[in-house]
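Good morning, everyone, and thank you for making the time. I would like to walk you through one structure slowly, so please have a look at the picture before I begin.

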Amino acid sequence: MSMASSGAEGGDKYRSYLSGEGEKNTKWKFGAPPSYDVVNKLFEEGRTKIWPPGSLEDEVQNLVKTWEMELFHKGNLDDFKTLDPNKYTFSLNGRKGITLEEIGKLGGGYNPLLQTSLPENLRGYNPDKETAESSHKAFTTTFPRGFALEVLQVYSGPPEIVYKFRHWGYMEGPFQGHAPTGELVEVYGMSIFTVDENNKIVKVEFFYDPGQLLGGLLKGEKLGTSSQETASSCPVLKSTG
């Protein structure tokens, strides 16, 4: 098995396809490749598992981090290396799978991960009204050190990769008009990645409770409109995973 591996193909310690000859013509959504130095530090300080290099868990973790990076930061489907854009579908909590084109219509960014059946007046975050840019700004502002990801366990390897994950960060900036709490916000869930014979991801199924994320971000007191406009640092330097 050979999936996206750390340091390979122009990556950092935990991701591939960030730089090098293979990415010289890549169109980046925010103008340049992201730097993961800050969130990598958060990851290394807060992770609960250290997987041996080359192990199934290590390779799956690197694949997931690289997949997240491409979805959040690459602007041209032809530049995606982890997935097959013609076959790829994503589903959240058992919903019908959606294509990359449909993901684009949802606004991209965090919006596909925060689909909800709640009435609009009960939504702490409304993906129907957020763009990829506004979504990215909202989360990079509230998590200035990033939103780290670790794979806790891998239950099966390719072609159907089933794993348990943990995402975490510290709410050190405002979110949707709520003051920062400084508290740890963490989310646990399960995911299934189906890959084809070329180890390209063709199907992703995510299972988690979005309320676990949003509940931690809506605890802070309500701010005035001027306080909400606090801008994040350059989005290129702030990342998930």
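Let me begin with a word we will need throughout: a strand, here, is a DSSP run of E of at least two residues, and strands are numbered from the N terminus. With that in hand, I can say that Ser191 lies in strand β5, and I should add at once that what you see is a predicted model.

Let us stay with this serine for a moment. Is Ser191 buried or exposed? Its relative accessible area is 1%, and because buried means under 20%, Ser191 counts as buried. Leaving aside residues up to four places away in sequence, Ser191 touches Ile161, Val162, Tyr163, Phe165, Val204, Glu205 and Phe206. With Glu205 there is also a polar approach, since a polar atom of the Ser191 side chain lies 3.0 Å from the backbone oxygen of Glu205.

Now to the sheet. In general, the strands of a sheet pair through backbone hydrogen bonds, and they may do so in a parallel or an antiparallel way. Here we have an open sheet of 6 strands, and if you follow the order β2-β1-β6-β5-β4-β3 across it, you will find that the pairing is mixed. At the edges stand β2 (98-99) and β3 (148-156), each of which has a single partner strand, so one side of each is left without a neighbour in the sheet.

Strand β6 shows both kinds of pairing. With strand β1, residues 89-92, it runs parallel, and 4 bridges join the two; Thr89, for instance, has Lys203 of β6 as its bridge partner. With strand β5, residues 184-195, β6 pairs in the antiparallel sense over 7 bridges, and one of the partnerships there is that of Met190 with Phe207. The hairpin of β5 and β6 has 5 residues between the strands, and in this hairpin Asn199 takes a positive phi near 60 degrees. How many of the 8 residues of strand β6 are buried? The count is 6, so β6, which covers residues 201-208, is largely enclosed by the rest of the structure.

A helix tells a similar kind of story. In helix α4, residues 132-142, 8 of the 11 residues are buried, so this helix too is largely enclosed by the rest of the structure. Among the buried residues of α4 are Ser135, His136 and Phe139, and the buried residues of this helix pack against α2, β4 and α5 (210-217).

Next, the largest pocket, whose volume is about 510 Å³. It is lined by 30 residues, of which Leu71, Ile103, Gly108, Gly109 and Pro112 are the closest to its centre. The elements that give two or more residues to this lining are α2 (56-73), α3 (100-106), β4 (160-170) and β6, and α2 gives the most, with 4 residues. By kind, the lining divides into 19 nonpolar, 8 polar and 3 charged residues.

Finally, a contrast to the serine with which I began. Gly22 sits in the segment before α1 (37-46), and with a relative accessibility of 55% it counts as exposed. Although Gly22 and Lys81 are 59 residues apart along the chain, their C-alpha atoms are separated by 9.8 Å. Thank you, and I will gladly take questions.

Definitions and conventions: Residues numbered from 1 in each chain as written. Predicted model: local features only at pLDDT ≥ 70, side-chain atom pairs only at ≥ 80, totals over all residues. Heavy atoms only, no water. Buried < 20%, exposed > 50% of the residue type's maximum accessible area, 1.4 Å probe, protein only. Pairing = 2+ DSSP bridges. 1 Å grid on protein atoms, 1.4 Å probe; cavity = no way out; pocket = protein on both sides within 12 Å on 5 of 7 lines; lining within 4 Å. Points joined across faces, edges and corners; volume = space filled by probe spheres on them. Nonpolar A, V, L, I, M, F, W, Y, C, P; charged D, E, K, R; others polar. Polar contact = N/O pair within 3.5 Å; in protein donor to acceptor, adjacent residues only side chain to side chain. Contact = heavy atoms within 4.5 Å.
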